Amino acid sequence: MASFYENPDSFARLRHIANSLGGAERKTELFVAISTVLDPLFPGVEYSILTHDPVNESFLLEYASHLPGPLPQVIGDPGPLAGVFRSGTPLRPGSTVALSLNGGPLPVLTADPLVHRSQPVGLLLIHRYSESEAGDPARFEWLPLIAEQAAARLTLLDLYAETEIAAETGKTKLEVLHEVAQLLTQLDLDVLLTKILELSLHIVNAEVGSLMLWEGNALVSKVEWGLTDAVVGAIRRKDGPALAEQVSREGQVCYLPHLRDEPGLDLAELHAGVNSFLCLPLTTKEKPLGVINIVNAEASREVTEQDLDVLQTMTDLAAIAVENAILYRNSLERERMAEQLKIASQIQKSLLPDRAPKMRGLEISGWSAPCDETGGDYYDFLGTLETSLGLVIGDVSGHGIASALLMATARAFLRAMIDTTQDLSLLFRMLNNMLERDMEDDRFMTMFLCILDPDAARMSYVSAGHDAPLLYRTAEDRFQELESTGPPLGMFPDLDFETVQVNGLKVGDVLLFSTDGVWEAMNLNGDSWGRERLMEAVRRNHLKKASEIIEAIDNEVREFCAGAPQHDDITLVVTKISSPLDHARSPDTARIRMPSPTPR
């Protein structure tokens, strides 16, 4: 075999195979390239490519150089070729094997498994070639190499295709998110509802729909574009409520592309022009607000899973805007600005976690108190993976209703984008760009986001100008400050943020995340409590539970301030490492990504 590859002609062929297959950017180009490298070895070759579908345990005939019929074609059972696929042993001339197709059996002379990184992905089959014409006498020795190169490129092209689809979906989502972000600060309910319906119809390229809100025990249309309450009410379950009412109460999207074929519906009062029905709930904190109804969306094009996914994202955020607008209108009707601030405080509190998550290896507690009715502090727990937890804390400049609205906007953006990337630096770059478009020049937001992995005894974080959280390493009786890795959010576009990894977390270690209102709390003499007192409070109470550490810090701050009025919000989140972890030998801190030299 060594002499075979050392032949000068073999080197030339190796380069030809690598360049031909490696240069293909689409599957059609790859299939032509395979013909190009096979033909000198097997003159007049006729070949095909089978790929394996592990979900359905079937094979797909993706390409056949000599078949005019439509492809791809599903091959449920490839017969003996399944053994070649599973064993990895090539088939050579001399065996009687045929592939069963819709047009009849197709003889197979050679079969080589397509294997990428020890994972079989398909088969390269040769069905016919001219034995009378001269070919390379070692031609069969080239087939495993060609199959290996083809498998690698085929796998990569499939990955490219999946990535393009995911990127397009993410791009559409971000575009919708930005439009919805404009709605989050729209407090005129009539204008808001009209824009929400307009955006919903635009996503599916439809023209007929309505937006309904609950008034007492009935859903009432607030915006109608060719769809009346009577038509929506005529789409109902047999001996049951209207479908729109059921969707609103259950909080689940309902899409019926073939409405009249659906069992269990009573459509006796529905006129003949309605053929499909899409109903989207507007819900916050399990509280139904209303629904968006769209009919005959397929008149221009098919509604896709991507459309439904984007619509779900849009309605989740739009519901917050609707609730804000409703509360704002109600407050104006009752006590004008004083009542409005009280309601805004309720909105803000509802956006904070109801409870800390429970996770093996971690003990977590969080608490926040605005200095007046509303504030700009924010913390949240984000589920990322089964073995890790995302924790975020932020502080919008100033306080009051404007800061609370910016906090809600940042929270909505972050929650929507956290699933689009595992790259924390990229996530903060995107978040900063979206906030920068909407923030006034004198506004900004600091934010710290970390991903805690207790099983690996480490955490990764990115910080946009946030005051350094504290890591108290109890075994060493020392504090490690988690310094900022970038400027505050919303000040300038296209900023880069560095991601830092902290290693060697141990049982008993305490992570304290807070906003500057804690150590800047003042007494009647104008003295600040300070970070040194905060560190000493953590050191004195580190053996307590996470919730008790927060309570102890709060009590010490109150005692120090002695009733002096405070001018900033206070937020505390404590995380303790509570069970044995895997302590890898690694430095405390590792840099993962360096920022660009100078932001614009």
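In this predicted model, Ser-210 of strand β8 sits across from Glu-224 in strand β9. That facing pair belongs to a longer stretch of contact between the two strands: β8 (residues 208–215) and β9 (residues 218–225) run antiparallel and are joined by six bridges. The turn that links them is a hairpin with two residues between the strands, and there Gly-216 adopts a positive phi near 70°.

β8 has another partner too. Strand β14, which covers residues 287–295, also pairs with β8 in the antiparallel sense, again over six bridges. Here the facing residues include Leu-213 of β8 and Gly-290 of β14. So much for the partners; as for how covered the strand is, six of the eight residues of β8 are buried, leaving β8 mostly covered.

Further along the chain, the picture turns to a pair of helices. Helix α11 takes in residues 401–417 and helix α12 residues 424–438, and the two pack with their axes 10 Å apart at an angle of about 145°. Their crossing is right-handed. On the α11 side, the contact is built from Thr-409, Ala-410, Phe-413, Leu-414 and Met-417, while α12 brings in Leu-427, Met-430, Leu-431, Met-434, Leu-435 and Asp-438. In terms of character, this α11–α12 contact is made up of nine nonpolar residues, plus one polar and one charged. Going by the residues listed for the contact, Thr-409 of α11 is the polar one and Asp-438 of α12 the charged one.

Notes: Residues numbered from 1 in each chain as written. Predicted model: local features only at pLDDT ≥ 70, side-chain atom pairs only at ≥ 80, totals over all residues. Heavy atoms only, no water. Buried < 20%, exposed > 50% of the residue type's maximum accessible area, 1.4 Å probe, protein only. Helix = DSSP H or I, 4+ residues; strand = E, 2+ residues; numbered from the N terminus. Pairing = 2+ DSSP bridges. Axes fitted to C-alpha atoms, helices over the stretch in contact; angles between N-to-C directions. Left-handed = near helix turned anticlockwise from the far one by under 90°. Contact = heavy atoms within 4.5 Å.
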